[in-house]
Structure formats: C-alpha cells, structure tokens
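Take a moment to look over the model below. We'll walk through it together, one piece at a time.

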Amino acid sequence: AALSCGARMAILKEGSPSCGSLAVHDGTFGGGLLPGAGVTTALLEQHGVSVFGEDRIPAAAVRLRELSRS
C-alpha cells in the first residue's frame, strides 16, 4: 500500500519488532533491544522508502526537504 501511494519516507515506532529502524526488541519481554531493522522497515527500505523512528523527527524533516527538491 505504501508504494502504491507513492510513499518515499515513513515515520514508524522505534524498537518495534516490525517497525524499528535502528533497534528492535530482543523478544525476551525484559525490555532489551538489539541493533537492526524490523521486518516492515527492512521491506520499505528495500523499495527505496526512507524510514525514521519517532525519535528522529529532525532527521526526517531534513530528508523531507531533500525529497521536495528532487
């Protein structure tokens, strides 16, 4: 759905097993994180969509400005 709508960037929930862009939950329910991308993030990035966690809004704004110039 994202690609069919022309999405070029997304802001998703950091730490989520599916949406994390920098880290994901380790699956132990202890709150631990592992570096890496979630499955949704990885799929979006494979198709050229820039993904940012909700804690990286300033970086997303920079990317949005770059996209608007291209």
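What follows goes from the overall layout to the strands, the core and a few single residues.

Keep in mind from the start that this is a predicted model. The protein chain has 70 residues, and 29% of them count as buried. If you put a box around the C-alpha atoms along the principal axes, the box comes out at roughly 45 × 25 × 15 Å. The chain exposes about 4500 Å², with carbon and sulfur atoms supplying 62% of that area. As for charge, there are 6 positive and 6 negative side chains, and the centres of these two sets sit 12 Å apart.

Now for the layout. The chain contains 2 helices and 4 strands, and if you read along the sequence they come in the order β-β-β-α-β-α. How far along the sequence do contacts reach? Among contacts between residues at least 6 apart in sequence, 42% join residues at least 24 apart.

A good place to begin is strand S1, which covers residues 9-12. In a regular strand, side chains alternate between the two faces of the sheet. You can follow that here: Ala10 and Leu12 point to one face and are buried, while Met9 and Ile11 point to the other face and are not buried.

S1 has a partner in S4, and the two pair in the parallel sense over 4 bridges. Methionine 9 has serine 50 as its bridge partner in S4, and leucine 12 stands opposite glycine 53 of that strand. S4 itself runs over residues 50-53, with Ser50 and Phe52 pointing one way and Val51 and Gly53 the other. Are the S4 residues buried on one side or on both? All of them are buried, whichever way they point.

Some of these names come back in the largest nonpolar core. It has 6 residues, namely Ala10, Leu12, Cys19, Leu44, Val49 and Val51. Cysteine 19 is worth a closer look: leaving aside neighbours within four places in sequence, it is in contact with Leu12, Lys13, Gly38 and Thr41.

Next, find serine 16 in the loop between S1 and S2, the latter covering residues 23-25. Is serine 16 buried or exposed? It counts as buried because its relative accessibility is 15%, and the cut-off for buried is under 20%. Beyond its neighbours within four places in sequence, serine 16 is in contact with Ala23, Val24, His25 and Gly38. Gly38 also turned up among the contacts of cysteine 19.

A contrasting loop residue is phenylalanine 29, which lies between S2 and strand S3 (33-35). Phenylalanine 29 is exposed, because its relative accessible area is 85% and the exposed class begins over 50%. Its backbone deserves a glance too: phenylalanine 29 has a positive phi of about 65 degrees although it is not a glycine.

Last, go to helix H1, residues 39-46, where you will find glutamate 45. With a relative accessibility of 40%, glutamate 45 counts as partly exposed. What separates it from glycine 27 in space? The two are 18 residues apart along the chain, and their C-alpha atoms are separated by 23 Å.

Key: Residues numbered from 1 in each chain as written. Predicted model: local features only at pLDDT ≥ 70, side-chain atom pairs only at ≥ 80, totals over all residues. Heavy atoms only, no water. Buried < 20%, exposed > 50% of the residue type's maximum accessible area, 1.4 Å probe, protein only. Contact = heavy atoms within 4.5 Å. Core = buried A, V, L, I, M, F, W, Y, C linked by side-chain atoms within 4.5 Å. Pairing = 2+ DSSP bridges. Areas by Shrake-Rupley, 256 points an atom, 1.4 Å probe, with all protein chains shown as cover. Lys, Arg positive; Asp, Glu negative; His and termini not counted. Charge placed at Lys NZ, Arg CZ, Asp CG, Glu CD.
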